[in-house]
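Trainee: Could you show me how to read the spaces and the helix packing in a protein model, beginning with what surrounds an opening?

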Amino acid sequence: IGYLESSSMTASTFLLTGVPGLEWAHAWISIPFCCLYLTALSGNTLILFVVLTEPSLHEPMYYFLSMLSTTDIGLCISTLVTVLGIFWLNAREISFNACLSQMFFIHLFTFMESSVLLAMAFDRFVAISNPLRYATILTHARIAQIGLAVITRGTVILTPLVLLLKRLSFCRSHVLHHSYCFHPDVMKLSCSDTKINSAFGLTAIISTAGVDSIFILLSYVLIIRSVLNIASPEERKKAFSTCISHITAVAIFYIPLISLSFVHRFGKHSPPYVPTLIANIYLLIPPVMNPIIYSVKTKQIQKAVLKLVCSKGTHI
């Protein structure tokens, strides 16, 4: 396995990995990956375009949905070049600084997505528990402030994480276990003491996804309590139906994220393809599924998309 420690490698260069044991099939594996990337990018771009151009969708719920689509697009773009570069061109080398930049944006958009899902839970709580004050609570200015807070929070938490990696020295194998740079993966290659890095990484995930998931759960406890106070069964059903898309989006985001964190910390003896498989699910499934979920479950989005398609059809 000479390429693992190639003499041309330097301390500032890493080697990315495709699917371990299936290198011979990378060209074939790239086909479903291309389909997933195209679906995610086109679906989220469509949602974003429809929300911004359709006046009837200029409401808090859809502004938050456009934020979710923006983070999904960012997450796809952050990994697209290296993933397809490996499958198509076997372009595995990545410089240390490029690796840190990619890692920063992958984790930034992940933390942002978690924050946006929390904001969407708050939106559903206000809409169901206090509908008369909904428009006065979630004003355009407040939504903009929430969006700015989402970006600021992720940046403030991640900047020290990246700076702490820059102080490490790397004298072992330079082979990463994913098709992109992931913080625990990079950290494991260091021959320095990484206790501070590990503690800070764990603190970062707990203070973002961990805290957000608890508040999302709390929001739904309050939502259920509010719905149960509604006398009409039809109104209860209608109230619950507005939450289905969000609950599904939360599930497809948090389950792979938690699974990947557990595999990296406790799955040292798992087969090498398991972290790779979970990592790719974690990065691609939410961006692919979110536009589909909201297009299928939200009638207003359906109508806006059909209106857009029909208007394009008449122009043709």
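Mentor: Let us begin with the lining of the largest pocket, whose residues divide into eleven nonpolar, six polar and six charged; here Ala, Val, Leu, Ile, Met, Phe, Trp, Tyr, Cys and Pro count as nonpolar, Asp, Glu, Lys and Arg as charged, and the others, Gly among them, as polar. This is a predicted model, in which local features need pLDDT of at least 70 and side-chain atom pairs count only at pLDDT 80 or more, while totals for chains, interfaces and linings use all residues. Residues are numbered from 1 along each chain as its sequence is written, and side-chain values use heavy atoms, with hydrogens and water left out.

Trainee: Which residues lie nearest the centre of the largest pocket?

Mentor: On a 1 Å grid over the protein atoms alone, a pocket is an open set of points with protein on both sides within 12 Å along at least five of seven lines, a cavity is a set where a 1.4 Å probe fits but cannot get out, and lining residues have an atom within 4 Å of a point. In this structure the largest pocket is lined by 23 residues, and R124, K238, S241, T242 and Q300 lie nearest its centre. Its volume, the space filled by probe spheres set on points joined across faces, edges and corners, is about 700 Å³.

Trainee: Which element gives the most to that lining?

Mentor: Helix α8 gives the most, with seven residues, helices being DSSP runs of H or I with at least four residues, numbered from the N terminus. The elements that give two or more residues are α2, α3 (96-129), α8 (233-266), α9 (273-297) and α10 (299-315).

Trainee: How many cavities of 30 Å³ or more does the structure hold?

Mentor: It holds one, with about 70 Å³ of space in it. M61, F64, M120, D123, R124, T242, H246 and Y294 line this cavity, and by class they are four nonpolar, two polar and two charged residues. Helix α3 gives the most to the lining, with three residues, whereas α2, α3 and α8 each supply at least two.

Trainee: And at what angle do α2 and α5 pack?

Mentor: Two packed helices are described by the angle between their axes and the distance between the axes. Axes are lines fitted to C-alpha atoms over the stretch in contact, and angles run from 0 to 180 degrees between N-to-C directions. Helix α2 (residues 60-89) and helix α5 (residues 140-166) pack at about 20°, with their axes 11 Å apart. They are therefore roughly parallel to each other, the term for angles under 35 degrees.

Technical notes
Parallel < 35°, antiparallel > 145°, perpendicular 65-115°, else oblique.
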